[in-house]
Amino acid sequence: LAHEDQDTGKIEHMQVDMVVLSSALIPAEGSKELAKILGVELARDGFFKQKDACGAPLESTHEGIYLCGCATGPKDITDSIAEASGAATKAALLVEERVEEVKTEIEPIDISGEPRVGVFVCHCGLNIAGLLPCESLAEYAKTLVNVVFSEDVLFACAESTQRQIQERVKKHNLNRVVVAACTPRTHEPIFQETLAKVGFNPYLFEMVNIRDQCSWVHIHEPEAATQKAKDLIRMAVAKARLSHPLDKREMEVGQEILIIGGGIAGMQSAIDFASRGFKVHLVEKEPQLGGRVFNLASLYPQGRPGKDLIDMKLDELKKFGVNTYTNTEVNTIEGFIGNFDVGLHSKGKKIFQKLKIGAIVLAIGSDLYQPDEHHGYKKFSNVYTNMEIEQMLLQKGIPENVKSVVFIQCVGSRGSEGNPGCSRYCCQAAIKQAIVFKEKGIDVTIFHRGIRVYAKGAEMMYRRARELGVLFLPYPDDSFPSIKGKTKAENIVVYSKDLDADIVVPVDMVVLSAGMIPKAEESQRLSEILRVSRGPDKFFLERHPKFGPVETSVDGVFLCGCCQFPQDIADSIAQASAVASRASALLSKGIITLEPIVSSVDEELCRGCGSCAEICEFKAVELIEKEKGIWVARVNEALCKGCGSCCAICPTGAIDIKHFRRDQIEAELEALFE
Ligand code: SF4
Ligand code: SF4
Ligand code: SF4
């Protein structure tokens, strides 16, 4: 490969064994035809056109037809999943008759008598069988105590094999099943569901991961990997022999929703919940709803004022009867999914309001990084943040004497201060403002560390800015542009690697593109009250980026908008709709099922030391006075996640976890060292 070394300017040659081309995402084949059939419009880039790229990103140009994922433009998986959930909420509203789940009673199989274990060893194509001798592993399993049936199968999760497993259970009267295959994280529920269909209790099932833990990680040691697979199968059989059937429990859940934060994400979520018939309480600590969007002079790509979008959303809140509380903060939250007790406090009032809430949405938004003297801010009177420029454009306009403006990107982003990641909004915001300046005949230079534009239409805006003559110049990661002047910034000096010299740009105004940072105090307070996790960057953390992008680690608590990570308005709106979809699915039946894998206390052994309550991250254990002077631990099963911390710390062995009982773990360990 020949390439230019940007430090030296020389052409370098390198030998490679493989070249990987990162190819672009382009509109799906057949989009044009589909658009024609559906009567929806395509955008200029060939993707499907949104009704309003900023305010209604999931709606197409045809009422009743919704868009999500890469249909509207390139997206990552997390955004696609959030959009898909949001689009589902919107579409479901139009469907009057919902398909009710039909529950059929299945006779549970008889599990009395000795354990009769069935073992299935999966080839997973060549994933497992490429390294491990699956047939002999199945033969080996036959030698284990209580194993009455064992076989190897090509793909255990294939529909035909699932039916085969059901038949084997019936034919051999199996009352315990072990599958040695891939990861239980994705596949355990599939097998549990299959077995439940023939009346087999899902908690009599064990899964062993001989793919990730054997054939993949020990690819160069087939013999050791085979021995490890045998050990794991033997351990699983030992545990399964002691398994007890468990039943999921049902609990009534409340139908009122609390949304904390009245910015664009909170407002959209409130609208979507309320339009589905939930009673919604929207709480905002500031005197007005709308958050930062309310103060934006214009929104890209259309250029209309932020206030217009907020006014539109306010009308919808009113139409759907959302209870809004401004100047109000959440004071206390107790309880658990479906049954939260929430206390609100309105500033200047002595009244505390109490609410009974089924689910909570965190939508507190983010703050903007506050630049300091090092960035020339407050040191020079003509250095502004990009938000201050929005205010200027909204109120008095650009001063007459301004002829040259410099933007400096990534202030408080992608470095050791502020947000370590990209703030995702500021490049496109700077380009939007640069166009406004340029159209008024003002020279604009944008100093950046690599322009990143994500939003729909932002690339077009970038090209337009270039056509208008906006200069984009890079500055090095380790050297912030130097601002020279007395009381006002007069020149910006930036070292250019290409020229190996300083570039000096005379300025009348400097705009700092401030990064998005978490609301430090508020997010800490709420994370403590709710026990919701935060990431190392202090933004709230989703349960799983792909499988639970709007859920938190606490059941019944969801999140959307910039309190999770920096995002633009369209993404926040899509995510807010996704929350409504996920939470509605959970609450709409009025009843939820709870996992039975929870801890339980043997009160005879408990001596009330409180260690379990102290260590439990989910506030699931409390000490109660059983008799005068006798304290014991009690577990709230709705809060317990079955993590096992309490069990490990209990000095008397009084706490145990169902399905991972002490005798089961001991049996596994004994089997390991057999
Ligand atoms: S969007 Fe642009 S200015 Fe903002 S942090 Fe990312 S790269 Fe920097
Ligand atoms: S198992 Fe975990 S969540 Fe449950 S009570 Fe024990 S420590 Fe708390
Ligand atoms: S740690 Fe054990 S002994 Fe102590 S309160 Fe909890 S259950 Fe009881």
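1. Start with the β-α-β unit: in this predicted model, strand β5 (residues 176-181), helix α6 (residues 184-196) and strand β6 form one, and its hand is right-handed. β5 and β6 run parallel and are joined by five bridges. If you want a spot to check the register, look at Val177, which stands opposite Phe205 in β6.

2. Stay with β6 (residues 205-209) for a moment. The strand is mostly covered, with five of its five residues buried. Side chains in a regular strand alternate between the two faces of the sheet. Here Phe205, Met207 and Asn209 point one way, while Glu206 and Val208 point the other way. Both sets are buried, and that includes Glu206, a charged residue.

3. Next, helix α14 (residues 520-530). Which of its residues are buried? Glu522, Ser523, Leu526, Ser527, Ile529 and Leu530. Those six sit on the same side of α14, because the arc they cover around the axis is only 165°. That fits the usual helix geometry: with 3.6 residues a turn, positions three or four places apart point the same way.

4. The other face of α14 is worth a look too. Turned away from the buried side, it carries Ala520, Glu521 and Glu528, which are exposed. As for what the buried residues of α14 pack against, the partners are four strands: β8 (256-260), β11 (328-336), β14 (359-362) and β25 (557-559). Right after the helix, Arg531 adopts a positive phi of about 60°.

5. Now the ligand. What surrounds ligand 1? Its shell consists of Gln409, Cys410, Ser413, Arg414, Cys422, Ser423, Arg424, Cys426, Cys427, Gly450 and Arg452. Sorted by class, that makes four nonpolar, four polar and three charged residues. The cysteines Cys410, Cys422, Cys426 and Cys427 are in this list, and cysteine counts as nonpolar in this scheme. The charged members are Arg414, Arg424 and Arg452.

6. On where the shell comes from: strand β17 (404-411) and helix α12 (426-439) each supply at least two of its residues. Gln409 and Cys410 fall in the β17 range, and Cys426 and Cys427 in that of α12.

7. Finally, the overall picture. The protein has 18 helices and 30 strands, and 50% of its 674 residues count as buried. Its C-alpha atoms fill a box of roughly 90 × 75 × 55 Å along the principal axes. Taking contacts between residues at least 6 apart in sequence, 67% join residues at least 24 apart.

Conventions. Residues are numbered from 1 along each chain as its sequence is written. Chains are lettered from A and ligands numbered from 1 in the order in which they are written. This is a predicted model: local features need pLDDT of at least 70, side-chain atom pairs count only at pLDDT 80 or more; totals for chains, interfaces and linings use all residues. Side-chain values use heavy atoms; hydrogens and water are left out. A residue is near a molecule or strand if one of its heavy atoms lies within 4 Å of it. Buried means under 20% relative accessible area, exposed over 50%, partly exposed in between (1.4 Å probe, protein chains only). Two strands pair if DSSP finds at least two bridges between them. A crossover is right-handed if, with the strands pointing away from the viewer, the path from the first strand over the helix to the second runs clockwise. The arc is that of the directions from the helix axis to the C-beta atoms. Contact means heavy atoms within 4.5 Å.
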